[in-house]
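Here is a short tour of one protein chain. Look at the model first, then follow the headings.

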Amino acid sequence: MMPARDHEVKLLLEEMERLGSRGADGKLVCKFGALIHDDRCSNIFEALVGTLKAAKKKKLIDFEGQMLLSPVHDNVDIVVL
């Protein structure tokens with residue numbers, strides 16, 4: 001059985017696909033604000049910031065800094081690696 005955090009990371013990547021767009025390099029990019037202010041995401045993720053940190057630790061995504069907080073970091077790009 002998949003641990004809860006792994007399941008949430010998988011859902012995060014799916015939501016980033018829905019809300020994000022492909023950059024010139026072909027990588028999927030999503031703004032933190034798009035995730036944090038999306039109704040569907042707020043219903044799915046109990047702790048979005050924790051899920052982002054777990055995905056970054058697994059090197060599935062990358063973003064500037066260690067932690068993202070709204071509204072300060074709403075315009076920060078999250079890149080799927």
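## Strand S2 and its two faces

Strand S2 spans residues 28-31 and has two unlike faces. Leu 28 and Cys 30 make up the covered face. Val 29 and Lys 31 make up the uncovered one. The model shown here is a predicted one.

## The partners of S2

Which strands does S2 pair with? One partner is S1, residues 21-22, and this pairing is antiparallel, with two bridges. Across it, Arg 22 stands opposite Leu 28. Leu 28 is also part of the covered face of S2.

S1 and S2 together form a hairpin. Five residues lie between the two strands. In that turn, Gly 26 has a positive phi of about 90°.

S2 is also joined to S4, residues 77-80, by three bridges. These two strands run antiparallel as well. Here Val 29 of S2 stands opposite Val 79 of S4. Val 29 belongs to the uncovered face of S2.

## The chain as a whole

Now step back to the full chain. It holds four helices and four strands. Read from the N terminus, their order is α-β-β-α-α-α-β-β. The radius of gyration is 12 Å, close to the 12 Å that the globule rule gives for 81 residues, so the chain is as compact as a globular protein of that length.

The C-alpha atoms fill a box of roughly 35 × 25 × 25 Å along the principal axes. Of the 81 residues, 31% count as buried. Take the contacts between residues at least 6 apart in sequence: 50% of them join residues at least 24 apart.

## Surface and charge

The accessible surface of the chain comes to about 5,100 Å². Carbon and sulfur atoms account for 55% of that surface.

The chain carries 12 positive and 13 negative charges. The mean positions of the two sets lie 6 Å apart.

## Leu 68, in a loop

Is Leu 68 buried or exposed? Leu 68 sits in the loop between strand S3 (61-62) and S4. Its relative accessibility is 2%, under the 20% cut-off, so Leu 68 counts as buried.

What touches Leu 68, leaving aside its neighbours within four places in sequence? The contacts are Phe 32, Val 49, Leu 52, Phe 63, His 73, Val 76 and Ile 78. Gly 50 is 18 residues from Leu 68 along the chain, and their C-alpha atoms are separated by 9.7 Å.

## Thr 51, in a helix

Thr 51 lies in helix H4, which covers residues 48-57. At 0% relative accessibility, Thr 51 counts as buried.

Which residues are in contact with Thr 51, once its neighbours within four places in sequence are left aside? They are Arg 5, Glu 8, Val 9, Leu 12 and Phe 45. Thr 51 and Leu 11 are 40 residues apart in sequence. In space, their C-alpha atoms are 9.6 Å apart.

Definitions and conventions. Residues numbered from 1 in each chain as written. Predicted model: local features only at pLDDT ≥ 70, side-chain atom pairs only at ≥ 80, totals over all residues. Heavy atoms only, no water. Buried < 20%, exposed > 50% of the residue type's maximum accessible area, 1.4 Å probe, protein only. Pairing = 2+ DSSP bridges. Rg over C-alpha atoms; globule rule 2.2 N^0.38 Å. Contact = heavy atoms within 4.5 Å. Areas by Shrake-Rupley, 256 points an atom, 1.4 Å probe, with all protein chains shown as cover. Lys, Arg positive; Asp, Glu negative; His and termini not counted. Charge placed at Lys NZ, Arg CZ, Asp CG, Glu CD.
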